[in-house]
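Here are a few short exercises to work through with the model open beside you. Try each task before reading its solution.

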Amino acid sequence: MANRDTIYKELIQLDWEVKDQNEFFDKMTDKLLELGYVKDTFRDAIKTREANYPTALPVEPYPVAIPHSDPENIIKPFIACTRLKDTIKWCEMANNDVQHDVKFIFMLGFLGGHDDPNAGNEHVELLQVLVTNFQKPEVMDRLVNAKTEDEYMEAVLSMEGL
């Protein structure tokens, strides 16, 4: 499955210190731009999309955010996996009135949009795989306890269905 090929160690961030979502998007966009994954339209696009369509999933034991922007802002597909040092507030998917304390963020960069019959489904499938895994305490415990980027990457790659 192509998803495994889009998880890059250079995009794994452990115990990042950010005060809010805005700072997270700025830091992550800087990194993605520097490494050539996104176009310079990405920063505004991801913030606008998140404001309109928030992406925190109220899964137990830890809510997870899965921000993504439209394909025209992406150069190279990626899954950027971040574990924050401290939680930040993040609005729930399909429910702007509810905020969650998010420590784990999986930023997704897809090529091919909803008009592309193949790519659209691939991204829905990936979201389903992630959501299923985020609800497994043993998977999340590995993400919590990983000490290095390598361990974190192994924990992500161990998710069923990836």
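**Exercise 1. Find how far apart the mean positions of the positive and negative charges of the chain lie.**

Solution. Start with the counts: this predicted model carries 17 positive and 30 negative charges. Next, take the mean position of each set; the two means are 5 Å apart.

**Exercise 2. Work out why the radius of gyration of the chain agrees with that of a compact globule.**

Solution. First, take the chain length, 162 residues. The globule rule, 2.2 Å times the number of residues to the power 0.38, then gives a value near 15 Å. The chain itself has 14 Å, so the two agree. To picture the extent, place the C-alpha atoms in a box along the principal axes: roughly 35 × 35 × 30 Å.

**Exercise 3. Describe the order of helices and strands, and the separation in sequence of the contacts.**

Solution. Begin with the inventory, 5 helices and 5 strands. Reading along the sequence gives β-α-α-β-β-β-β-α-α-α. Now turn to contacts between residues at least 6 apart in sequence: 69% of them join residues at least 24 apart.

**Exercise 4. State what share of the residues is buried and what share of the accessible surface belongs to carbon and sulfur atoms.**

Solution. Counting residues under 20% relative accessible area as buried, you reach 46% of the 162. The accessible surface is about 8000 Å², with 47% from carbon and sulfur atoms.

**Exercise 5. Which element has the lowest mean pLDDT, and which the highest?**

Solution. The chain average is 91, and 93% of the residues score at least 70. Among the elements, helix α3 (residues 117-134) is lowest at 78, while helix α1 (residues 21-34) is highest at 98.

How values were computed: Residues are numbered from 1 along each chain as its sequence is written. This is a predicted model: local features need pLDDT of at least 70, side-chain atom pairs count only at pLDDT 80 or more; totals for chains, interfaces and linings use all residues. Side-chain values use heavy atoms; hydrogens and water are left out. pLDDT is the predictor's confidence in each residue, from 0 to 100. Helices (H or I, at least four residues) and strands (E, at least two) are DSSP runs, numbered from the N terminus. Buried means under 20% relative accessible area, exposed over 50%, partly exposed in between (1.4 Å probe, protein chains only). Contact means heavy atoms within 4.5 Å. Accessible areas come from the Shrake-Rupley method with a 1.4 Å probe; for residues, only the protein chains shown count as cover. Lys and Arg count as positive and Asp and Glu as negative; His and the chain ends are not counted. The place of a charge is taken as NZ of Lys, CZ of Arg, CG of Asp or CD of Glu.
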